[in-house]
Amino acid sequence: MKPREKDHTDLELIDSFKEGDTDAFRLLVERYKDVSLSLACSILKDMHLAEDVLQDAFMKVYHKIHTFKYRASFATWLYRIVVNTSYNALKKEKNHLKVSEQERPELAVGWESEVPKVRQEEQQKYIQWALDKLRPDEAL
């Protein structure tokens, strides 16, 4: 009997996977992929890199699920793997993520006096730029 996502807890799916049911692992991935991707994106600020990191993280889970100790929830264990894998990717990509003065959006001369007149989309561009420059631990 194949497990259906809503019919089984994480622990039941883990046990089924450990017994050889690969569909159980697929259901775990489906259950946690969106939140895990958001988590990786919040650290990496790059959707494509986050997708690669997420694939690596799920491969680690696949190969290391036998080490899961059932002390914490599966979600906690998985998210810690996603966070660690994201930080490791940041270390590898740090040269690409450094902020240079040339990356900063151009600000018009005297823009401070014009703040009320700045269009909303321009404000959003500056806010997003500032958010993207947060350290990964702050973004998390």
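**Close-up views of a helical chain**

Asp10 is buried, at a relative accessible area of 15%; buried means under 20% relative accessible area, exposed over 50%, and partly exposed in between (1.4 Å probe, protein chains only). The model is predicted, and local features need pLDDT of at least 70, side-chain atom pairs count only at pLDDT 80 or more, while totals for chains, interfaces and linings use all residues. Residues are numbered from 1 along each chain as its sequence is written, and side-chain values use heavy atoms, with hydrogens and water left out.

**View 1. The salt bridge of Asp10 and Arg31.** The closest N and O atoms of this pair are 2.5 Å apart. A salt bridge is a side-chain nitrogen of Lys or Arg within 4 Å of a carboxyl oxygen of Asp or Glu. Asp10 belongs to helix 1 (residues 10–18) and Arg31 to helix 2, so the pair, 21 residues apart, links distant parts of the chain. Helices (H or I, at least four residues) and strands (E, at least two) are DSSP runs, numbered from the N terminus. Arg31 has a relative accessible area of 24% and is partly exposed.

**View 2. Two salt bridges within helix 2.** A search of the whole structure finds three salt bridges. One of them joins the side chains of Arg26 and Asp23, at 3.8 Å from N to O. These two residues are three positions apart in helix 2, about one turn of the helix. Arg26 is partly exposed at 44%, and Asp23 is partly exposed at 22%. Another joins Lys33 and Glu30, with 3.3 Å from N to O. Lys33 and Glu30 also lie three residues apart in helix 2, about one turn. Relative accessibility is 31% for Lys33 and 37% for Glu30, and Lys33 counts as partly exposed, as does Glu30.

**View 3. The packing of helix 2 on helix 3.** Two packed helices are described by the angle between their axes and the distance between the axes. Helix 2 covers residues 22–44 and helix 3 residues 47–64; their angle is about 140° and their axes are 9 Å apart. Axes are lines fitted to C-alpha atoms, for helices over the stretch in contact, and angles run from 0 to 180 degrees between N-to-C directions. The two helices are therefore oblique to each other: angles under 35 degrees count as roughly parallel, over 145 as roughly antiparallel, 65 to 115 as roughly perpendicular and the rest as oblique. Residues of helix 2 in the contact (heavy atoms within 4.5 Å) include Phe25, Val29, Tyr32 and Lys33. Those of helix 3 include Met47, Leu49, Glu51 and Phe58. By class, this contact has 15 nonpolar, two polar and two charged residues. Ala, Val, Leu, Ile, Met, Phe, Trp, Tyr, Cys and Pro count as nonpolar, Asp, Glu, Lys and Arg as charged, and the others, Gly among them, as polar.

**View 4. Two loop residues with positive phi, Lys45 and Tyr70.** Lys45 is not a glycine, and its phi is about 60°. Lys45 sits in the loop between helix 2 and helix 3 and is partly exposed at 30% relative accessibility. Tyr70, also not a glycine, has phi near 65°. Tyr70 is in the loop between helix 3 and helix 4 (74–97), and with a relative accessible area of 34% Tyr70 is partly exposed.

**View 5. The chain of six helices and zero strands.** Buried residues make up 29% of its 140 residues. Of the contacts with a separation of 6 or more, 60% are between residues 24 or more positions apart.
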